[in-house]
Amino acid sequence: MLGDRVLYVTPAELEELGDRVRGLLGEYFERLVRPELRPPGAPGKGDAMRALLADVKPAAAISLGDDRSDALAFGVLAEARAEGRCATLSVAVLGHPDAPNEIVAAADAVLASPADAARFLAGVAAGVRRGA
C-alpha cells in the first residue's frame with residue numbers, strides 16, 4: 001500500500017525492493033523519491049521515540065537524523081524537554097544538498113556531514129566513559 005510517501009513492505013521484501021528501485025532510478029532515488037520504507041504496522045519514528053521515552057524514562061536523550069521522519073522524532077524530544085521529562089538534544093545531519101528543510105527546522109543543532117556526526121558521537125562516548 002502506498003500512501004503519503006510511505007510504502008509498506010514485509011522485512012523480506014524490503015532489501016530486494018530497495019535494491020531494485022535504486023537500480024532503476026540511480027541517483028534520482030535519493031533526490032526525487034526518497035520514500036520511507038517500513039514493514040506494515042511499524043510505527044513511525046515519532047511514535048517510536050514517544051514509546052521509547054515512556055518505557056525507558058531517561059534523564060537525557062540525544063537523537064541524530066537526516067530525513068523528514070527524523071524530524072517527527074525531534075518534535076517528540078522537544079515536547080519531552082518542554083514538559084520537563086528529560087533533557088534532550090536533536091541533531092540534524094546533512095549528508096547531501098537535498099536534505100529536507102524540516103529536519104533542520106526541527107533540530108537543536110546541525111552537523112554538516114556524516115563524518116561530523118561520527119566525530120560528535122565519539123565525543124559523546126568519550127564523555128560517557130569519563131562519567132561527564
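This is a short walk through one predicted chain, from its overall make-up to a few side-chain pairs.

Okay, ground rules. It's a predicted model, so local features need pLDDT of at least 70 and side-chain atom pairs count only at pLDDT 80 or more, while totals for chains, interfaces and linings use all residues. Residues are numbered from 1 along each chain as its sequence is written, and side-chain values use heavy atoms, with hydrogens and water left out.

Let's start with the layout. The chain has six helices and six strands. Those are DSSP runs numbered from the N terminus: H or I over at least four residues for a helix, E over at least two for a strand. In order from the N terminus, you get β-β-α-α-β-α-β-α-β-α-β-α.

Now the bulk numbers. There are 132 residues, and 29% of them count as buried. Buried here is under 20% relative accessible area, exposed is over 50%, and partly exposed sits in between, with a 1.4 Å probe and protein chains only. The exposed surface of the chain is about 8,400 Å², with carbon and sulfur atoms supplying 60% of it. Those areas are Shrake-Rupley with a 1.4 Å probe, and for residues only the protein chains shown count as cover. For contacts, meaning heavy atoms within 4.5 Å, take the ones with a separation of 6 or more: 57% of them are between residues 24 or more positions apart.

Next up, helix α4. This helix covers residues 68–82, so to speak 15 residues, and spans 21 Å from first C-alpha to last, close to the 21 Å expected at 1.5 Å a residue. The expected span is 1.5 Å times one less than the number of residues. Which residues of α4 are buried? The list is S69, D70, A71, A73, F74, V76, L77 and A80. For background, an α-helix has 3.6 residues a turn, so residues three or four places apart point the same way. After α4 comes G84, with a positive phi near 75°.

Two of those α4 names, F74 and L77, come back when we look at S63. S63 lies in strand β4, residues 60–65, and counts as buried because its relative accessibility is 11%. Leaving aside residues up to four places away in sequence, S63 touches M49, F74, L77, L89, S90 and V91.

Now, salt bridges. The cut-off is a side-chain nitrogen of Lys or Arg within 4 Å of a carboxyl oxygen of Asp or Glu. How many turn up in the whole structure? Eight. I'll show three.

One is D67 with K45, at 3.7 Å, N to O. D67 is in the loop between β4 and α4 and K45 is in helix α3, residues 45–56, so this pair links distant parts of the chain, 22 residues apart. D67 is buried at 14% relative accessibility, whereas K45 is partly exposed at 30%.

Then there's R81 with D108, 3.0 Å from N to O. R81 sits in α4 and D108 in the loop between α5 (101–106) and β6 (109–111), so the pair ties together parts 27 residues apart in sequence. R81 is partly exposed at 34%, and D108 is partly exposed at 38%.

Last pair: R119 and D116, 2.3 Å from N to O. Both are in helix α6, residues 114–130, three residues apart, about one turn of the helix. R119 is exposed at 55%, while D116 is partly exposed at 22%. And one more item: K45, D67 and D70 are joined into one network by salt bridges that share partners.
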